[in-house]
Structure formats: C-alpha cells, structure tokens
Amino acid sequence: MAQGKLCNREKVDTLEQLQALLNDKGGAQYYKEMQDLDVDTDLLRATLQKTLKEKSRIKAWLEICAHCGMCSDSCFLYLANNKDPEQVPSYKIQSTLGRLYKQKGKVDNAFMQMCMDTAWSKCTCCNRCGMYCPFGIDMGIMFSYLRGLCFQQGFVPWEMKIGSGMHRVYRAQMDVTTEDWVETCEWMAEEYEEDWPGLKIPIEKVGADIMYTVNAREPKHYPEDLAEAAILFHLAGEDWTVPEEGWEETSLAMFAGDWEACQMQVQSVYDAMERLKPKRMVVTECGHAYRATVIEGPYWCGLKTGQPPVESLHYVEWVAEVLRNGKLKIDPAKKIKEPVTLQDSCNYIRNAGLAEYTREIMSYIAEDFREMS
C-alpha cells in the first residue's frame, strides 16, 4: 500500500513525527505524497458498515434528503460564491458522503481528495443549514463524520494533521508544556498583583468552587486574557483554581476528524475534575472549546449521562450570573450609548443554546441593544 513518509494513515503520537510535519513548510512534501496515497477500500467499507447501520441517523438523513434547497441560502459559502449550485449543503454532502455510502467505500485517490477539499474548505460545520432543513438534517454532524473517514485514510489537510498531533503529544492545540502553563499563571499573577492587591491564580487547589480551563492560545500568545479572567474572579470573590494538567479545553482533533485524539484530549480535563473535585468548571470564552468538552466530550468518553463529571459553564454563563447576583457591578452611567448589536457564535449559541446569557450581559453594558435583522 502506497503511503508517504509524512502523508499516511499513521497517527502523530511522537514529538519526532510532529516535528517532521512542522519542518515541511506549507506541507509541500506532504501534499506531493498525497497524490500517490492509496485508499484502503476494505477499511472504508468496514467502517461504513459498522457505523451506518439500519437505524443510524446519518443513514436516515442521507436517504430522506428531499433536495428541496431550503438549506441553500442559509450557507454563507453558497452566498459568497454567487450561489454556485455545487455549494448547496445538500449537494456537498450527497456528492461526497452520499457517494461513499452508495459505492460502499470503493473510491479512488482523486475522489478522496475531493472529499477532503469539500469537508474542510466548503463547510465549517456551523450547522446553520440544519436550522432551515424541514427534516432537521444535521449537516454539521455528517461533515464531521466525513472528516473522520478522510482522516482515517490519511486525506487530511497538513495543518489539521499537525493540530491533531499537538493534542496527542501535548494534550493542547499548541506546544505548551505543563511547565510553560504553570510559569505563565505565576507570571500573570505577579504582573498584575500591584494593580489588584491580593490577586492570585491558584494552581491545583482541591475542592474549589470553580475550576477554570482555557484555550492554549492564551498561555501561548495572549496571557493577558488569563490575567483578565483572574481579575474578574478576584473581584467577584470566587474560590477558584486552574489544574496543572488538563487545563486545555480546545480540540483541533475535533476539526481534524481524529476521534481517538478527541477522547484523549477531553479525558485529560475530566481527569482534572476527578483529581481536584471542584463544584463547577468554567470554560474560557472559546465556543469550540465549550462544544468539544461540554457538549461533545461526554459522548467521546462514553459518559451515559451525556454530561461532564461536574457541572460546566461557559464563561458568558458565569459573567451573567455574577452580574445578576451583584458580585460584579457595572456603573450604569458608563453604559454604551451608541446602538449595539451582537453576533451569535455557532458553537455556544447554535450548538449549545446560550443566547439568553449573552443578551443578559448586553443589558448591563448597552443602553440601545438591537438584534441583527
């Protein structure tokens, strides 16, 4: 079976493998090798047979799609490409996953590359189309499944293969070690303590009311975000902590279709919950982090409740709560006077239903809030 040195069906489990991909600038060698990458049709067929069973919702969705086109105008990629018929969500999934299903995995390299291009560059899995479908077909779930099939075969964008490898090697989407994380927390507490006397970023405190978890980009590139969250926890008088390990919420593995790495990543957070026994977890502002760990994560880890081990809140839920109970106060005289609107996040709004909390926050900070038309 033809597999390349970089582009192959192997998982990136070692620093050496990860570094080799990073050294391939722009994925030049990776994509050259992809041209000769074979398709394991037996594995594809077996996976499809195992997962698209008689009562599978994805199988049902593929079969009941009426090609009515109601999903068309909901897709920003369709609108941005002059209403190209090949950008209609139902067409995109039927021409890729639909054909894989009908042909029982008997496809070639060119077809898999087309699936890869469609799955990652023609759909963001925002699920907006699912809101418009009269049958409630969830295109985001189907494209996520398609990404998983592509990843299994090695047909995954170079950047996504790196992202998946980062989670496998570091349990974070970036190369942030435990030492890096702890030092950044200590540095930010020290940096801001003069302005906010008594400010601490407690690490590995057992039994705190809140365990706070973040996006790796914060310690890597935006440590001030961590400091600002700490300041609000401090002002609100919260009993909180961050874990030494299991602090990273995001999952590029979810975008890459690496379901095994998804489970590995979120399990590290759940292990921190078990270790520190907080009353609640608060997730940083990142919507996809919340979706990965709170919405999807329990299923990846086989939790029958469909819930994380402890109650888990998105940051907007916590902010709305402390404004509501008066732990944090905003001077009404400093409310924004100009008309203000709000863009809803696909992940913590459409996929998690937290719209009421963002609007509650807006009521404290804007005098003239207006919904988008």
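These legends go with an overall view and several close-ups of a predicted model.

The model is predicted, so local features need pLDDT of at least 70 and side-chain atom pairs count only at pLDDT 80 or more, while totals for chains, interfaces and linings use all residues. Residues are numbered from 1 along each chain as its sequence is written, and side-chain values use heavy atoms, with hydrogens and water left out.

**Figure 1. The whole protein chain, with 19 helices and six strands.** Helices (H or I, at least four residues) and strands (E, at least two) are DSSP runs, numbered from the N terminus. The radius of gyration is 22 Å, which agrees with the value near 21 Å for a compact globule of 373 residues; it is taken over C-alpha atoms, and the globule rule is 2.2 Å times the number of residues to the power 0.38. Along the principal axes, the C-alpha atoms fill a box of roughly 65 × 50 × 40 Å. Buried residues make up 53% of the chain, where buried means under 20% relative accessible area, exposed over 50%, and partly exposed in between (1.4 Å probe, protein chains only). Take the contacts (heavy atoms within 4.5 Å) between residues at least 6 apart in sequence: 78% of them join residues at least 24 apart.

**Figure 2. D13 paired with R168.** Here is one salt bridge, meaning a side-chain nitrogen of Lys or Arg within 4 Å of a carboxyl oxygen of Asp or Glu. The closest N and O atoms of D13 and R168 are 2.7 Å apart. D13 sits in the segment before α1 (15-23) and R168 in helix α10 (residues 158-170), so the pair ties together parts that are 155 residues apart in sequence. D13 is partly exposed at 41% relative accessible area, whereas R168 is buried at 6%. Look around the pair and you'll find a network of salt bridges linking D13, R168, D258 and E260. The structure holds 22 salt bridges.

**Figure 3. A salt bridge within helix α3, between R45 and D42.** The N to O distance is 3.1 Å. Both residues belong to α3 (residues 41-51) and lie three residues apart, about one turn of the helix. R45 is partly exposed, with a relative accessible area of 26%.

**Figure 4. R280 meeting E321.** In this salt bridge the closest N and O atoms are 2.9 Å apart. The pair links distant parts of the chain, with R280 in strand β3 (residues 280-283) and E321 in helix α17 (residues 315-324), 41 residues apart. R280 counts as buried, at 16% relative accessibility.

**Figure 5. Two positive phi values, at C125 and K277.** Most residues other than glycine have a negative phi. Phi of C125 is near 60 degrees, and that of K277 is about 50 degrees. Each residue sits in a loop: C125 between α7 (109-121) and α8 (128-132), K277 between α15 (259-276) and β3. Their surroundings contrast, though, since C125 is buried at 5% relative accessibility and K277 is exposed at 56%.

**Figure 6. P197 in the loop between α11 (178-192) and β1 (210-213).** This proline counts as exposed, with 61% relative accessibility. For a sense of scale, the C-alpha atoms of P197 and K329 are separated by 19 Å, and the two residues are 132 residues apart along the chain.
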